[in-house]
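Got your viewer open? Load the model shown here and follow along, one selection at a time.

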Amino acid sequence: MNISEVVVFVIYLCFMLGIGVYFFVRSKDGGDKAYFLGGRQMGAWVSALSAGASDMSAWVLMGLPASIYVAGIGQAWIAIGLSIGYAISWLVQAPRLRRFTIVANDSITVPQYLTNRFLSKSKALQVICAVIFLVAYTVYAASSMKACGTLFHTVIGIDTTTAMYIATGIIVCYTFLGGFNAVCWTDFFQGLLMLAALLIAPIFALGIINGGGAAMSFSDMPAGYWNLFENWKDVVSGLGWGLGYFGMPHIIVRFMSLESQKSLKKSAKIGITWNVLIVIFSVAAGCIGHVLLGDIADSSTVFIQMVRKIFPGVISGVLLSAILAASMSTADSQLLASASAFASDVYKPILRKNKAGDKEMLWIGRAVVLAISIAALLIASNPNAGSIMDLVSNAWGVFGAAFGPTILLSLFWKRFTFSGAVSGILVGAAVDVLWFAFLSSTGIYEIIPAFFASTVAAVVVSLLSKKPDKEVEELFDKAVSFTEE
């Protein structure tokens with residue numbers, strides 16, 4: 001155990017808690033819109049980096065480098081797919097989504113937007129979305145908690161399960177206290193830290209390799225390790241990861257929270273640049289780490305071991321805090337998105353018949369944060385739960401397939417109907433789960449067939465159902481032409 005690293009970890013965690021307390025004191029009377037969406041007052045830098053940080057969980061520092069370390073550069077297609085999908089979501093999806101959610105009765109959650117988009121009185125879509133959110137986000141959050149456990153166990157020697165409980169407690173505290181503002185601001189700082197760590201570590205590692213301090217040479221790698229096109233399934237599945245962005249609630253809610261369309265354009269430039277740098281250097285960490293370290297027992301610790309080999313305790317503590325940042329920045333966003341979905345889309349309109357006040361809504365949201373955290377901890381501590389990358393890919397596939405086609409169609413197709421939206425979400429989620437359960441042996445990532453099936457179902461059912469009412473079409477036209485004063 002390195003005392004310097006431990007001290008840095010403690011300082012970092014206290015800083016994150018401090019942000020939660022600050023926003024709790026500052027905006028405790030802001031109501032559910034402030035707690036769940038920050039009052040639509042997020043600036044360009046905060047929105048861009050918090051969107052990126054909430055996306056790039058610990059898998060970008062542990063899961064993806066581990067895949068590259070083990071299987072070679074062919075796994076870089078995941079990074080390529082993510083970069084393409086992220087850019088398209090910012091440039092094409094984000095501008096319309098922000099306008100549409102404002103026009104659709106100032107919606108503050110994705111399920112609420114989809115219901116308001118069709119001027120529907122039915123709560124079926126909100127309930128379906130909330131259920132999928134709760135299940136998928138619990139799995140997703142478990143991956144972040146598992147990463148925290150691995151980090152603390154490797155660096156400090158603390159029991160893995162105990163470490164998960166400590167990290168989860170801190171995440172819950174600042175999410176519980178400060179809501180969306182706290183989540184976005186902590187993600188902003190964590191996004192900067194993640195980028196710095198991934199830029200610094202591979203560059204210094206290359207210096208050591210060039211100086212003859214590596215365990216092996218680049219030419220010693222297994223056959224096919226440097227072949228980007230080694231396996232066509234890696235290419236297809238990797239590119240398929242990009243589809244997930246169109247339906248990822250905790251990411252696209254950042255589009256909704258921006259203070260203006262002008263800020264959105266600036267955020268897009270910042271966010272896309274950050275994303276491309278992150279995934280490039282994540283891939284670099286995997287292959288450079290393999291050369292520097294040689295064979296290691298646990299591939300998920302390649303970044304950890306590389307940093308500890310290169311830097312002294314204080315610096316390594318700062319850089320390894322990036323893994324905490326990656327884990328926490330995603331977990332807090334997922335917890336808040338789940339809480340907002342249940343509180344705003346199930347509890348208030350259905351269980352309380354719109355009689356719940358702001359204070360009651362806040363406490364219900366916080367109760368959901370706590371409940372999902374406990375469930376995620378149980379999954380993460382289960383030795384049969386799978387790797388960090390496995391948990392992320394499962395949740396990513398469900399979200400992308402279920403919500404991606406429906407959200408895109410709602411923004412760009414005037415003829416789209418409420419029935420089509422419900423069908424698209426249900427079919428996407430079902431096909432994704434069934435493909436994973438019975439056809440994962442094909443080697444094709446389940447999001448690809450599920451995204452296609454969801455799109456077909458949404459389009460076919462919309463064409464077979466009654467044309468949208470005049471008021472719904474007028475809402476669509478108003479959203480398309482909407483401009484801010």
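## First stop: two loop residues

Select Asp-106, which sits in the loop between H5 and helix H6 (110-117). Bear in mind as you look around that this is a predicted model. Check the backbone here: the phi of Asp-106 is near 55°, a positive value in a residue other than glycine. Is Asp-106 buried or exposed, or in between? It counts as partly exposed, because its relative accessibility is 27%.

Now hop along to Leu-119, in the loop between H6 and helix H7 (124-155). Here is another positive phi in a residue other than glycine, this time near 50°. With a relative accessibility of 45%, Leu-119 counts as partly exposed.

## Zoom out

Switch to cartoon and take in the whole chain. You'll find 18 helices and zero strands. Colour by burial and 61% of the 485 residues come up as buried. If you draw the contacts with a separation of 6 or more, 85% of them are between residues 24 or more positions apart. Turn on the surface too: the accessible area comes to about 17,800 Å², and 66% of that belongs to carbon and sulfur atoms.

## Into the core

In soluble globular proteins, nonpolar side chains tend to be buried together. In this model, the largest nonpolar core has 122 residues. To find its best-connected members, select Trp-59, Trp-90, Tyr-140, Phe-303, Met-306, Trp-396 and Phe-403, which have the most contacts inside it. Then highlight helix H11 (residues 261-293), the source of the largest share of this core, with 15 residues.

Stay with Trp-59 for a moment and show what surrounds it. Which residues does Trp-59 contact, leaving aside neighbours within four places in sequence? They are Leu-64, Pro-65, Leu-82, Tyr-140, Ile-388, Met-389 and Val-392. Tyr-140 in that set is also among the core residues with the most contacts.

## Two buried spots in helices

Next, select Val-302 in helix H12 (residues 302-310). Val-302 counts as buried because its relative accessibility is 0%. Leaving aside neighbours within four places in sequence, Val-302 is in contact with Pro-65, Ala-66, Tyr-69, Ala-285, Gly-289, His-290, Leu-293 and Ile-296. Pro-65 is a residue you have just met, as a contact of Trp-59. Try a distance label between the C-alpha atoms of Val-302 and Gly-289: they are separated by 6.1 Å, with the two residues 13 apart along the chain.

Now go to Ser-454, in helix H17 (residues 447-464). This serine is buried, since its relative accessible area is 0%. What does Ser-454 touch, not counting residues up to four places away in sequence? Show Ala-401, Ala-402, Pro-405, Gly-424, Ile-425, Val-427 and Gly-428.

## Last stop: the largest pocket

Rolling a probe the size of a water molecule over the atoms shows where empty space is left. Here, the largest pocket has a volume of about 480 Å³. Of the 20 residues that line it, pick out the closest to its centre: Ser-237, Trp-241, Ser-393, Gly-443 and Tyr-445. Then colour helix H5 (77-103), helix H9 (232-240) and helix H15 (388-412), the elements that give two or more residues to the lining. How do the lining residues divide by type? Seven are nonpolar, nine polar and four charged.

Key
Residues are numbered from 1 along each chain as its sequence is written. This is a predicted model: local features need pLDDT of at least 70, side-chain atom pairs count only at pLDDT 80 or more; totals for chains, interfaces and linings use all residues. Side-chain values use heavy atoms; hydrogens and water are left out. On a 1 Å grid over the protein atoms alone, a cavity is a set of points where a 1.4 Å probe fits but cannot get out, and a pocket is an open set with protein on both sides within 12 Å along at least five of seven lines; lining residues have an atom within 4 Å of a point. Grid points are joined across faces, edges and corners, and a volume is the space filled by probe spheres set on the points. Helices (H or I, at least four residues) and strands (E, at least two) are DSSP runs, numbered from the N terminus. Ala, Val, Leu, Ile, Met, Phe, Trp, Tyr, Cys and Pro count as nonpolar, Asp, Glu, Lys and Arg as charged, and the others, Gly among them, as polar. A nonpolar core is a set of buried Ala, Val, Leu, Ile, Met, Phe, Trp, Tyr and Cys residues joined through side-chain atoms within 4.5 Å. Buried means under 20% relative accessible area, exposed over 50%, partly exposed in between (1.4 Å probe, protein chains only). Contact means heavy atoms within 4.5 Å. Accessible areas come from the Shrake-Rupley method with a 1.4 Å probe; for residues, only the protein chains shown count as cover.
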